[in-house]
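Let's take a walk through the charged pairs of this protein. Have the structure open and follow along.

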Amino acid sequence: MIIFALETSCDETSAAVLKTPDTSPSLRRRGLGGGLELLSNIVSSQIDIHRKFGGVVPEVAARHHLENILSVIDEALNSAKIKPTQINAMAVISGPGLVTSLMVGVETAKSLAFAWQKPLISVNHMYAHIAANFFTEIVFPAVCLVVSGGHTELVYLKNYFEYKKIGQTVDDAAGEAFDKVAKLLNLGYPGGPAVSAEAEKFLTLKISPPCFKEGIKGRSKNLRPHPNPPLETRGGGCSIIFPRPMIKSDDFNFSFSGLKTAVLYAVKKMEAKEVKKRVPEICFEFQEAVVEVLTAKTIRAAKKFGAKTVMLSGGVAANRRLREKLEEAARRGGFEFSVPEFKLCTDNAAMAAIAGYYLSLKSKPRLDEWKRVKADPNWELT
Amino acid sequence: MKIITKSEKETFKLAQKFATKLRGGEVLALIGDLGAGKTAFVKGLAEGLGVKNIITSPTFVLMKGYTAQKQKNKKAKKQLIHIDAYRLSSGKELEDIGATEYFSDKNTIVAIEWADRVKDILPAGVIKINFKILEGDKRKIEIK
């Protein structure tokens with residue numbers, strides 16, 4: 001089966017062609033995953049355009065999607081060496097996202113589905129992020145942490161297409177906290193890579209944190225900075241301490257709004273010169289706080305729900321520290337671990353194609369399905 | 001009206017009470033620094049209006065809509081539109097996503113965080129709510 005997919009929910013225009021194994025439906029339904037072959041995955045990013053605005057500007061994004069989408073589609077089909085007649089089904093991400101951006105992909109997909117007479121599968125953006133893990137076979141049940149600029153969710157998966165949201169952020173998404181902290185520290189946009197690059201500096205350059213006497217709660221007064229602390233304890237020895245919000249709460253929800261405020265308060269206490277000097281340290285401790293909370297809650301959820309596999313996906317899954325820490329904790333807890341390769345973590349159409357494939361196994365899409373597909377900016381996973 | 005709240009919870013409760021006075025068609029302009037309690041206020045507002053969903057930050061998508069479940073009038077369901085102008089420099093971008101179309105709708109309550117960044121599109125009769133950080137967790141909230 002050949003699946004052609006589009007994704008335009010935020011600021012990446014993307015088209016992909018996926019080849020799926022030709023086994024019988026009954027065999028596939030038993031949970032046989034993997035065997036997928038990605039023939040093309042073209043992503044045209046607008047990141048350089050939006051950088052000067054410090055975030056995605058909806059109207060600008062929509063205009064660029066319109067300008068790019070046909071050439072992206074062309075390139076995806078050409079590099080996959082696939083003609084429209086060879087396509088068996090189409091998939092498009094129809095929410096959640098920016099409504100003006102979503103509409104470009106959704107309406108283009110509907111027009112093509114009608115013109116080419118192909119069934120069109122409507123895909124949820126969050127499910128697509130999860131499905132980016134389905135290249136290889138997954139041992140179910142699984143718990144997946146989906147983290148991006150707009151979302152932070154924990155999802156329980158019984159199999160490839162039956163899932164339930166078990167927790168989410170009650171305020172800011174983890175990626176958003178990164179963006180806001182980057183803005184506070186003048187690191188530019190997008191904030192995630194900028195903050196983790198600074199944090200990385202703190203790990204690799206041998207900076208010994210100066211003792212920060214104020215605002216340290218729960219630390220022994222006798223604690224002195226280690227002259228050359230081992231890598232893992234850097235930032236934890238004697239330095240700035242940020243809270244780990246909701247790490248002990250009974251539910252599987254997250255909160256990152258207060259953490260951003262804590263960074264703001266810490267920065268406000270310092271002179272501008274000191275802030276500049278301690279940016280890597282602030283970023284490191286902030287990232288540790290986010291990673292620790294995400295890791296602790298995901299593992300606890302996996303244990304409670306009897307999962308066999310811990311999965312990670314979404315744009316923030318490209319954060320090296322989070323990948324490493326979550327994998328380490330998952331393996332220690334006796335779970336399988338799965339995370340998509342870097343280029344499938346950020347928004348792309350390949351994940352929409354994979355999601356579309358599994359949804360088509362659940363129920364066969366009809367040829368006139370395009371009539372019912374609609375962009376839905378608030379489409380939440382349930 | 002000036003109120004001092006001593007905690008996030010008090011800010012939440014204040015908004016919850018305030019929500020019961022809203023009839024629909026109001027635009028609330030929330031102005032204040034990071035951590036001043038704007039989001040806590042919107043969460044309270046949603047609770048007071050009977051919204052069942054968790055109110056999460058709309059910074060990324062700029063605008064999120066919620067339908068109120070607690071309804072007196074079943075035919076005309078009230079809805080809360082939560083807008084965050086944090087990333088914006090002018091109101092034009094909000095116009096582009098259709099946000100201003102909600103301004104005169106009598107079944108809609110619009111709450112705009114960082115409204116000082118989109119002054120150019122705020123309608124006449126907007127309710128301004130200023131948040132000031134006092135010492136510790138104390139906040140001064142001024143509604144006019």
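Helices here are DSSP runs of at least four residues, numbered from the N terminus. With that in hand, keep in mind that this is a predicted model, and start at helix H9 of chain A, which covers residues 272–304. Arg278(A) and Glu274(A) both sit in it, four residues apart, or about one turn of the helix. Their side chains make a salt bridge, with 2.7 Å between the closest N and O atoms. How exposed or buried are the two ends? Arg278(A) has 5% relative accessibility, so it falls under the 20% limit and counts as buried. Glu274(A), at 28%, counts as partly exposed.

Elsewhere, salt bridges link up through shared partners: Asp172(A), Glu176(A), Lys180(A) and Lys260(A) are joined into one network.

Now move to helix H7 of chain A, residues 191–204, where Lys201(A) and Glu198(A) are three residues apart, again about one helical turn. They meet in a salt bridge of 3.0 Å, N to O. In this pair Lys201(A) is partly exposed at 37% relative accessibility, while Glu198(A) is buried at 14%.

The next stop is between strands. Glu153(A) pairs with Lys165(A) in a salt bridge whose closest N and O atoms are 3.9 Å apart. Glu153(A) belongs to strand E7 (residues 152–157) and Lys165(A) to strand E8 (residues 163–168), so the contact ties together parts of chain A that are twelve residues apart in sequence. Both Glu153(A) and Lys165(A) are buried.

To step back, the whole structure holds 22 salt bridges over all chains.

Key: Residues numbered from 1 in each chain as written. Chains lettered and ligands numbered in written order. Predicted model: local features only at pLDDT ≥ 70, side-chain atom pairs only at ≥ 80, totals over all residues. Heavy atoms only, no water. Salt bridge = Lys/Arg side-chain N within 4 Å of Asp/Glu carboxyl O. Helix = DSSP H or I, 4+ residues; strand = E, 2+ residues; numbered from the N terminus. Buried < 20%, exposed > 50% of the residue type's maximum accessible area, 1.4 Å probe, protein only.
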